[in-house]
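Visitor: I am new here and would like to understand the words people use for a structure. Could you take me through it?

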Amino acid sequence: MASDFLSIIEPAHRNQQDQGGESAAGGRVLPVLPVRDTVLFPHAVLPLTVGRESSIQLIQSLGDEKTVVVVAQRDARVDAPQPSDLHSVGTLATVHKVVKMPNQSLFVFTEGTQRVKLGEFNQFEPFMTASVEPVPEIAPPKGAEIEALHRNVTSQFQQIVTSSPTLSDELQTIALNIEDPGRLVDFIASSLPFLPTTERQELLETPDVAARMERINKHLAKELEVQQLRNKIQSEVQDQVQQSQRDYYLREQMKAIQKELGEMDEGQKDIQELRDKIEAAGMPEDVKKEATKELNRLSRMSPMAADYSLTRNYIEWLAVLPWTKSSGGEVDIAKAKEILDEDHYDLKKVKDRILDYLSVRRLKPDMKGPILCFVGPPGVGKTSLGRSIARALGRKFQRISLGGMHDEAEIRGHRRTYIGALPGQIMQALRRAETNDPVFMLDEIDKLGRDFRGDPASALLETLDPEQNNTFRDNYLDVPFDLSKVLFICTANMLDPIPEPLLDRMELIDLSGYTEEEKVHIAFRYLIPRQIKENGIQPVGDGSPGGDAGSGVDGGARIEFPEDSVRFIVRHYTREAGVRKLEQLIGTVCRKQARRIAEGKTETLVVDREIIHEFLGGIKVRVDTEIAERTKRSGVSVGLAWTPAGGDVLFIEANRMKGKGGFTMTGQLGDVMRESMQAALSWVRSNAAALGLNEDFTSEQDLHIHVPAGAIPKDGPSAGVAMATAIVSLMTDTPIHPLTAMTGEITLSGNVLPVGGIKEKFLAAKRAGVLDVILPAENRQNVEEDLTPDQIDGVRIHYAKTIDDVLAVALPASSSEAAHDSELREQVIEHASA
């Protein structure tokens, strides 16, 4: 087509040169052919498609002359243009050839001859005619400037043709053969496909040849720059494509070689490994279907895709979870009991519950795991007991600390839409355990947080419900997992912060604390050998510990703890329900001996009281002496209180002074405790005559009750009997018996009501050296169930139904009893000082 077009152009240029530029227009009236988005230049041949009815009639009406005026429309969207829709300057053209098309349109070859200006329109139907006048060109002055511009235009056009794949190279030859500057500009303008119609029309309407050359030179310079930039981009893209094709070719070659060798590439090998893991994981059918679906999706992905690693991690998680892998093995009850006794001293109730569970599991292997919750003060062995249970069961042990956890996603995991999403701690621990029935310890469940990110306690409701956790659904995995075989054990220091629905799902087991005797046994059986080993105080011989732990000597170890020294540390350096502080103190003594050995003192160290004072400092706790000294005067009684760290003794001090019946209560007391004080005072006033008191004893004096220490908040009803006893002791000027403590709630009628925390309170009294404990009569059952004979040994328990029973035990009935009490106090104080 291009060669045919050029064959028409070349005769046109020759004809125009032969004619010498004569105008054929004159002032004649000629038919007007409107065209869309097209500008015909003089000396150019342009094929036109004629489809309008009026234009077809125009072409068909032409006689032998076949001369028309080709004019561009201002708006190409107008279908029936009027004179106002046409530009005022067009091109006189000769129609050389007309070809009929199958769609009834005409294909017309026209040759432009010269610029003409439209005058008055004479006809509008069936086609337009108008008078035309030629537009004479303004020839440029000859000189070096025009010559340079001529050469520049030609050179730029040649470069554009050379770099453009759509332009024929023959255009360069034609341009070089055109000497007339005006004709050169018209030829270039008609040949450039990128030139907008508006710019072409402006060039057509510009008679000044020099101005036309300036305008076309700017267009050529701009197009040349665009062409160079496009070629650069194309070259870069081509290089990348060639590199990609090269890599692809090499990869295909590698695949072919690997196929011949029976090998797989890394991607296929990885997919096959994941497929094998899925088959070996023993997943439920619905989970396996989901994993296979994701694996097929992964196999179609490019390793460079953004979702590739995320999808692979997800499949990896599904494949490595222990869907069917259990610890297995026969449950040996005798061996389990032996392990529990070996690892922990006493704790009979806890051990019985674990052995009961093991017995049921032996009879019914598919039973659902219970949810146990060990409640007790710090240092009583809650976490270590969980490890022992796992060892006794032959299961893996996993632990999660819930203290301060405030994000629900820590339990249930993050959804995969989040960046860095992972399963929750439950599923992560199961992956580490590699079995679906580990012993799972949730430590510090009473210290869970809660904020805008969710409530972890609510997320635990499903986890700790045996009826629901067989279909536990982690947000990341989004498939059900059976947690019913897991033995969940929670620990807490106190129950108040735990939400009621969560508490309802757990079986509570109290670990209240240890007596002095129990602490001594624990120290010799566990704490001393462990600290000797951890501090490197090995035997002189072969370096392996051995010997009789009950003697406090670790075989040939270079340190010895006599029993009275351990008891001295327990009594005067610790005041806790557990043994954590005791182990720290034993560790301190062992470290001091390790330093002595490092300094060359290799002799065995016998830890006596002098060594204890040297290594641990002066005595820290003198509770028995404190009770004896503070109860010398009347108005002081000893109560018992429950705390999250176990139990503790509580001093109630009453005093009186001249006044008008005022009653002051101090010690940072809560509302319940203040009401107990009011009830105690009301009972004393209503029974003043029976107590031998003046009935209006409050009219001329003020009473003040204080509960030290003042910086510690205190509340609860269990100190009512101690407050009443302190008031009666004050008003009768009778000190209470030494080393006597009491607890119980009082009513206005003088009844003593039961209270909670009996075991913790009793053990606190025994640790403080109390010899007599007064308890409500209705708490007798708690004593029988919660306290062992060894724990009760050495302490007399008195049960009281009324406050009169309390006073009969707490206050001396005669002067001889008071004198005996005074002697006993002095003996206690003297013994402590010695």
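Visitor: How do the axes of helix α23 and helix α24 cross?

Guide: Please keep in mind that this is a predicted model. In it, the axes of α23 (residues 671-686) and α24 (residues 720-732) come within 9 Å and cross at roughly 45°.

Visitor: Why are α23 and α24 called oblique to each other?

Guide: An angle under 35 degrees would count as roughly parallel, and 65 to 115 as roughly perpendicular. The value here is roughly 45°, so α23 and α24 are oblique to each other. Their crossing is right-handed.

Visitor: What makes α10 oblique to α15?

Guide: The axes of helix α10 (residues 308-320) and helix α15 (residues 425-433) cross at roughly 60° and come within 10 Å. That angle makes α10 oblique to α15, given that roughly perpendicular begins at 65 degrees. The crossing of α10 and α15 is left-handed.

Visitor: Why is helix α25 described as mostly covered?

Guide: Helix α25 spans residues 758-767, and 9 of its 10 residues are buried. Buried means under 20% relative accessible area. Among the buried residues of α25 are Ile758, Phe762 and Leu763, but also Lys759, Glu760 and Arg767. After α25 comes glycine 769, with a positive phi near 85°.

Visitor: How do you know that lysine 351 and aspartate 341 form a salt bridge?

Guide: Side chains of opposite charge can pair when their charged atoms come close. For a salt bridge, the nitrogen must lie within 4 Å of the carboxyl oxygen. The closest N and O atoms of lysine 351 and aspartate 341 are 3.1 Å apart, so the pair meets that cut-off. This pair links distant parts of the chain, with lysine 351 in helix α12 (residues 348-363) and aspartate 341 in helix α11 (residues 333-343). The structure holds 32 salt bridges.

Visitor: Which of these words fits lysine 351, buried or exposed?

Guide: Lysine 351 has a relative accessible area of 8%, so it is buried. Aspartate 341 is at 29% and counts as partly exposed, because that value falls between the 20% and 50% limits.

Visitor: Why are glutamate 563 and arginine 567 said to be separated by about one helical turn?

Guide: They are 4 residues apart in helix α19 (residues 563-573), which means about one helical turn between them. Their side chains meet in a salt bridge, 2.7 Å from N to O. Glutamate 563 is partly exposed at 43%, while arginine 567, at 17%, counts as buried.

Visitor: What links strand β23 and strand β24?

Guide: Aspartate 772 forms a salt bridge with arginine 796, their closest N and O atoms being 2.7 Å apart. Aspartate 772 is in strand β23 (residues 772-776) and arginine 796 in strand β24 (residues 796-800), 24 residues apart. Aspartate 772, at 10% relative accessibility, counts as buried, whereas arginine 796 is partly exposed at 47%.

Visitor: Which residues are linked in a network of salt bridges?

Guide: Arg115, Glu137, Asp186 and Arg212 are linked in this way.

Visitor: What makes valine 237 count as partly exposed?

Guide: Valine 237 has 40% relative accessibility, so it counts as partly exposed, a word used between 20% and 50%. Valine 237 is found in helix α7 (residues 209-261). With Leu229, Ile233 and Val241, this valine forms a nonpolar patch on the surface, with about 320 Å² of accessible area together. Residues in such a patch need over 30% relative accessible area, and the 40% of valine 237 passes that cut-off.

Technical notes: Residues numbered from 1 in each chain as written. Predicted model: local features only at pLDDT ≥ 70, side-chain atom pairs only at ≥ 80, totals over all residues. Heavy atoms only, no water. Patch = residues over 30% accessible without salt bridge, like charges linked within 9 Å, V, L, I, M, F, W, Y side chains within 5 Å. Areas by Shrake-Rupley, 256 points an atom, 1.4 Å probe, with all protein chains shown as cover. Helix = DSSP H or I, 4+ residues; strand = E, 2+ residues; numbered from the N terminus. Buried < 20%, exposed > 50% of the residue type's maximum accessible area, 1.4 Å probe, protein only. Axes fitted to C-alpha atoms, helices over the stretch in contact; angles between N-to-C directions. Parallel < 35°, antiparallel > 145°, perpendicular 65-115°, else oblique. Left-handed = near helix turned anticlockwise from the far one by under 90°.
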